[in-house]
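Let's walk through this one as a quick back-and-forth. Have the viewer open and follow along.

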Amino acid sequence: MSAVLSPTNTASTAPQAGPWRRALWRLRRRRVAMFGLAIVAAFVVLALAAPWIAPHDPIATSWGAIRKAPSSEHWFGTDEIGRDVLSRVVWGTQASLLAGVVSVSISLALGVPIGLLAGFLGGIVDGLISRVTDAFLACPFLILAIAMAAFLGPSLTNAMIAIGVSATPIFVRLTRAQVLNVKVEDYIEAARAVGNPPWRIALRHVLPNVTAPLIVQATLAIAAAVIAEASLSFLGLGQQPPAPSWGSMLNTAKNYVDQAPWMAIWPGLAIFCLVLAFNLLGDGLRDALDPRQR
Amino acid sequence: MLEFLLRRLAQIVPTLVFVSVLIFGLQQLLPGDPAQILAGEEQDPGVIAHLREKMHLDEPLPLRYGYWIGGVLQGDLGESVRTQQPVLELVLQKLPVTIQLALMAFTIALAIGIPAGIVSAVGRGTWWDSAANAFALWGISTPNFWLGILLILLFSVQLGWLPASGYVSPFEDLRANLAAMVMPAFVLGNAIAAVLMRHMRSAMLQVLSSDYVRTARAKGLRERVVVLKHALRNALTPVITLGALELGTLLSGAVLTEQVFTIPGFGKLIVDSVFNRDYAVVQGVVLVTATAYIALNLLADLAYFLANPRLRG
């Protein structure tokens with residue numbers, strides 16, 4: 001990838017569109033990744049259009065329709081208090097996508113600047129940040145998220161914060177490693193030689209050149225965050241009832257698995273499809289943005 | 001060997017210090033006065049005053065950390081607000097159950113992941129490779145609590161072969177114990193098998209393209225001998241370290257698996273403590289888990305060191 005050398009120069013003179021356009025071209029040629037992207041897009045549409053797509057009110061109970069098997073009235077059946085499972089799965093998409101995107105945004109917002117600082121400054125700052133990162137990484141991701149969500153209190157917002165903070169060290173470490181690779185490149189030396197201040201070198205010349213692996217990691221991290229949110233909701237630490245969430249639907253469903261298996265099948269399938277889609281897209285992006293890893 | 005061990009131990013000490021600060025810091029996330037929260041719904045002033053004194057809440061934060069870590073170093077992880085039992089005692093009671101689950105899960109993961117990785121690499125581009133890659137994608141994309149529910153539906157509800165939940169000690173009835181643990185172990189091992197398969201495939205592909213493997217083939221050795229005797233031994237070495245990183249997944253996964261199958265282990269202890277607002281137990285469990293994870297990684301590093309003659313010098 002190329003870089004901008006002059007302190008005042010911007011992307012207008014740098015051929016920065018080149019590598020990105022090539023990567024996009026490579027991505028579009030990977031059918032499996034495009035399949036993943038199509039599924040993600042379908043879920044986004046589902047989340048945004050939930051009020052119009054869902055056939056019933058997701059929290060409306062009906063004592064006359066308790067644990068009804070799938071039928072023409074309720075395609076995915078009903079749950080233990082007569083709510084329509086399809087409508088809850090459709091509305092639950094919002095919580096899962098929101099959790100995935102917001103948690104990873106938190107991780108990026110915290111992890112990238114800290115990693116940039118560690119890699120760029122080095123010395124004591126790097127040593128301190130690296131030790132703190134090691135400490136976070138020593139606590140298994142979900143256990144740390146559960147503990148944080150427990151102390152913060154059960155809610156979707158707190159679950160997203162807990163997941164985001166718990167996943168931050170991965171981005172710190174990745175950014176730091178990438179910065180260490182990039183900062184010894186000739187164009188960084190040149191940027192320094194023409195008198196750029198360190199902050200400008202870090203933001204204008206280093207950061208744009210470490211974004212590709214971060215995009216890949218962020219996509220894969222969304223998949224992990226969707227599972228983590230579902231896990232926390234399954235344990236009762238995420239989205240609170242009666243608001244629909246795939247994880248909390250599975251938590252209830254496990255008690256009725258012998259009487260109403262449909263309650264467990266659909267929300268689980270929805271988690272699986274969304275996570276699979278982000279994993280396929282992430283793998284495709286990795287191949288497209290760094291063909292050497294193929 | 002001793003130098004390597006001492007160097008790794010020296011790296012671990014600051015990590016453990018920061019882990020303890022992080023876990024102590026969790027308490028600061030509690031909104032409001034921790035003593036009032038821990039005192040429960042009754043809000044007895046006597047209990048609140050006792051907790052304030054016991055937790056040194058009137059002291060400055062660094063001093064409170066000092067008291068806490070001092071206790072931890074002497075094996076005092078605090079006391080359960082609910083059962084009044086020492087946290088360490090509770091953890092030690094539950095640990096054997098989770099260790100058995102983790103060992104069974106890791107054995108299943110190795111039994112599936114390693115052969116699948118070898119088959120995938122040896123048959124690169126074939127149907128077997130595609131099937132192994134599809135299995136890996138399935139493994140990393142399936143939430144283990146959902147897989148657990150599906151297995152209960154199939155093997156307990158439909159076929160009636162295995163118990164849906166519960167735990168029997170292996171010392172009481174080994175057969176019943178294995179029957180109760182096989183599904184949870186498979187659920188837990190499934191995701192790790194997928195990751196091991198990917199690592200194994202990648203390591204095998206690298207080794208299979210190396211010169212010494214080409215030489216072995218040129219000598220006329222049978223493919224089976226080349227793969228299993230020459231390539232596998234070297235490909236397994238990096239998988240040891242990468243596999244060790246999955247121990248975190250194992251510990252995290254145990255929390256959900258134990259919840260689905262109602263297994264009274266370490267994971268269920270942390271979830272029950274969360275809902276009982278028994279924060280000392282939550283802190284204790286996270287501390288023990290992190291320490292165990294660090295120790296297991298150290299053991300994996302040692303195994304890697306011993307398995308790699310070049311490192312031994």
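Q: In which helix of chain A is Leu214(A) found?
A: A bit of housekeeping first: this is a predicted model, where local features need pLDDT of at least 70, side-chain atom pairs count only at pLDDT 80 or more, and totals for chains, interfaces and linings use all residues. Residues are numbered from 1 along each chain as its sequence is written, with chains lettered from A and ligands numbered from 1 in the order in which they are written. Helices (H or I, at least four residues) and strands (E, at least two) are DSSP runs, numbered from the N terminus. On that numbering, Leu214(A) sits in helix H10.

Q: Is Leu214(A) buried or exposed?
A: The call depends on how many other C-beta atoms, placed from the backbone, lie within 10 Å of a residue's own: 20 or more is buried, 12 or fewer is exposed, and in between is partly exposed. Leu214(A) has 20 C-beta neighbours inside 10 Å, so it counts as buried.

Q: Which residues does Leu214(A) touch, leaving out those up to four places away in sequence?
A: Two residues are in contact if their C-beta atoms, placed from the backbone, lie within 7 Å. Gln178(A) is 36 residues away in sequence, with 9.2 Å from C-alpha to C-alpha. The residues that Leu214(A) touches are Val112(A), Leu174(A) and Thr175(A).

Q: How are H10(A) and H12(A) oriented to each other?
A: Axes are lines fitted to C-alpha atoms, for helices over the stretch in contact, and angles run from 0 to 180 degrees between N-to-C directions. Under 35 degrees counts as roughly parallel, over 145 as roughly antiparallel, 65 to 115 as roughly perpendicular and the rest as oblique. The axes of H10(A) and helix H12 (residues 262-289) of chain A come within 8 Å and cross at roughly 170°. H10(A) and H12(A) are therefore roughly antiparallel.

Q: How many nonpolar residues does the contact of H10(A) with H12(A) have?
A: Ala, Val, Leu, Ile, Met, Phe, Trp, Tyr, Cys and Pro count as nonpolar, Asp, Glu, Lys and Arg as charged, and the others, Gly among them, as polar. The contact includes Ile215(A), Val226(A) and Ala230(A) of H10(A), and Leu274(A), Phe278(A) and Arg286(A) of H12(A). Three of its residues are polar and one is charged, while the nonpolar ones come to 16.

Q: Which helix of chain B gives the most to the largest nonpolar core?
A: A nonpolar core is a set of buried Ala, Val, Leu, Ile, Met, Phe, Trp, Tyr and Cys residues joined through C-beta atoms within 7 Å. The largest has 176 residues, and those with the most contacts inside it are Ala145(A), Ile146(A) and Val226(A). With 17 residues, the top contributor from chain B is helix H8 (residues 174-208).

Q: How many residues of chain B take part in the contact with chain A?
A: Chain A puts in 39 residues. Among the helices of chain B that each supply at least two residues are H1 (2-26), H7 (144-158) and H13 (279-307). By class, the chain B side has 31 nonpolar, seven polar and no charged residues. The number of residues from chain B is 38.

Q: What is phi of Arg67(A), and where does this residue sit?
A: Arg67(A) is partly exposed, with 15 other C-beta atoms within 10 Å. Its contacts, beyond four places in sequence, include Asp79(A), Tyr256(A) and Gln259(A). Phi is positive in this non-glycine residue, near 50°, and its place is the loop between helix H3 (50-53) and helix H4 (85-121) of chain A.

Q: Is Gln84(B) buried or exposed?
A: Gln84(B) also has a positive phi, about 65°, without being a glycine. Its loop runs between helix H4 (61-73) and helix H5 (87-122) of chain B. With 7 C-beta neighbours inside 10 Å, Gln84(B) counts as exposed.

Q: Which residues does a cis peptide bond join in chain A?
A: Look in the loop between helix H10 (211-234) and helix H11 (246-253) of chain A, the place of Pro242(A). Omega is about 5° for the bond joining Pro241(A) and Pro242(A).

Q: Where in chain B is confidence lowest?
A: pLDDT is the predictor's confidence in each residue, from 0 to 100. Chain B averages 87, and 98% of the residues score at least 70. The highest mean is 95, in H7(B), and the lowest is 64, in helix H14 (residues 309-312).
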